[in-house]
Amino acid sequence: MTPFGAKVRELRAKQNITLKEMAEALSVSSAYMSALEHGKRGTPTWYMVQRIITYFNVIWDEAEELQRLAELSNPKITIDTGGLTPRATELTNMLASKINGLSEESLEHLIHQLRVVSSRDNI
């Protein structure tokens, strides 16, 4: 499941809306909505994110969060390290080979560490 899919599922649960009801309201198939939630589809389009925001009638912070989560929800990302340092390639390959074995706690730790060093390096 993607971060975006988890948030959509959370919003559906809060409002007691089934996947089928939401799919019908958005004029998409239940299979598409299920695939979107479970990360079997790529990043949702800007238009689809806006339709979902409107559907749930969310505003400001929650709408921005949905947009941000959609941007971070590509389940099949490719990282091109051509032209970068050997350490960048090493890091990318280590992450690719080990990510499926990391615990939620370890993933959270790595995300936090990446945010810290990104901030330090002004990126």
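What volume does the largest pocket have? I looked this up before anything else. The model is predicted, and the largest pocket in it has a volume of about 1800 Å³.

**Entry: pocket lining**

I listed the residues around the largest pocket and got 34. Those nearest its centre are Leu95, Ile99, Leu107, Ile111 and Leu114. I then looked up which elements give two or more residues to this lining, and noted helix H5 (60–71), helix H6 (86–98) and helix H7 (104–120). H7 gives the most, with nine residues. I sorted the lining of the largest pocket by class as well: 19 residues are nonpolar, 10 are polar and five are charged.

**Entry: cavity**

How many cavities of 30 Å³ or more does the structure hold? I found one. The space in the largest cavity comes to about 30 Å³. I wrote down its lining as Thr2, Phe4, Leu36, Arg41, Gly42, Thr43, Pro44 and Ser73. By class, that lining has four polar residues, three nonpolar and one charged.

**Entry: nonpolar core**

I turned to the largest nonpolar core, which has 19 residues. The members that touch the most other members are Phe4, Val8, Met22, Ile52 and Phe56. I checked which helices supply at least two residues each to this core: helix H1 (3–14), helix H2 (19–26), helix H3 (30–38), helix H4 (46–56) and H5. H4 has the largest share, at five residues. Phe4 appears here among the members that touch the most others, and I had already noted Phe4 in the lining of the largest cavity. H5 also came up earlier, as one of the elements lining the largest pocket.

**Entry: Val8**

Which residues is Val8 in contact with, leaving aside its neighbours within four places in sequence? I noted Met22, Met33, Glu37, Ile52, Phe56 and Leu66. Of these contacts, Met22, Ile52 and Phe56 are named with Val8 among the core members that touch the most others.

**Entry: aromatic pair**

I searched the whole structure for aromatic pairs and found one. The pair is Tyr55 with Phe56, with ring centres 5.1 Å apart. Their planes stand at 75°, and an angle over 60 degrees counts as edge-to-face, so I recorded the pair as edge-to-face.

Is Phe56 buried or exposed? Its relative accessibility is 4%, so I entered Phe56 as buried. Tyr55 has 25% relative accessibility and therefore counts as partly exposed. The cut-off for buried is under 20%.

Technical notes
Residues numbered from 1 in each chain as written. Predicted model: local features only at pLDDT ≥ 70, side-chain atom pairs only at ≥ 80, totals over all residues. Heavy atoms only, no water. 1 Å grid on protein atoms, 1.4 Å probe; cavity = no way out; pocket = protein on both sides within 12 Å on 5 of 7 lines; lining within 4 Å. Points joined across faces, edges and corners; volume = space filled by probe spheres on them. Helix = DSSP H or I, 4+ residues; strand = E, 2+ residues; numbered from the N terminus. Nonpolar A, V, L, I, M, F, W, Y, C, P; charged D, E, K, R; others polar. Phe/Tyr/Trp six-rings, centres within 6.5 Å; stacked < 30°, edge-to-face > 60°. Buried < 20%, exposed > 50% of the residue type's maximum accessible area, 1.4 Å probe, protein only. Core = buried A, V, L, I, M, F, W, Y, C linked by side-chain atoms within 4.5 Å. Contact = heavy atoms within 4.5 Å.
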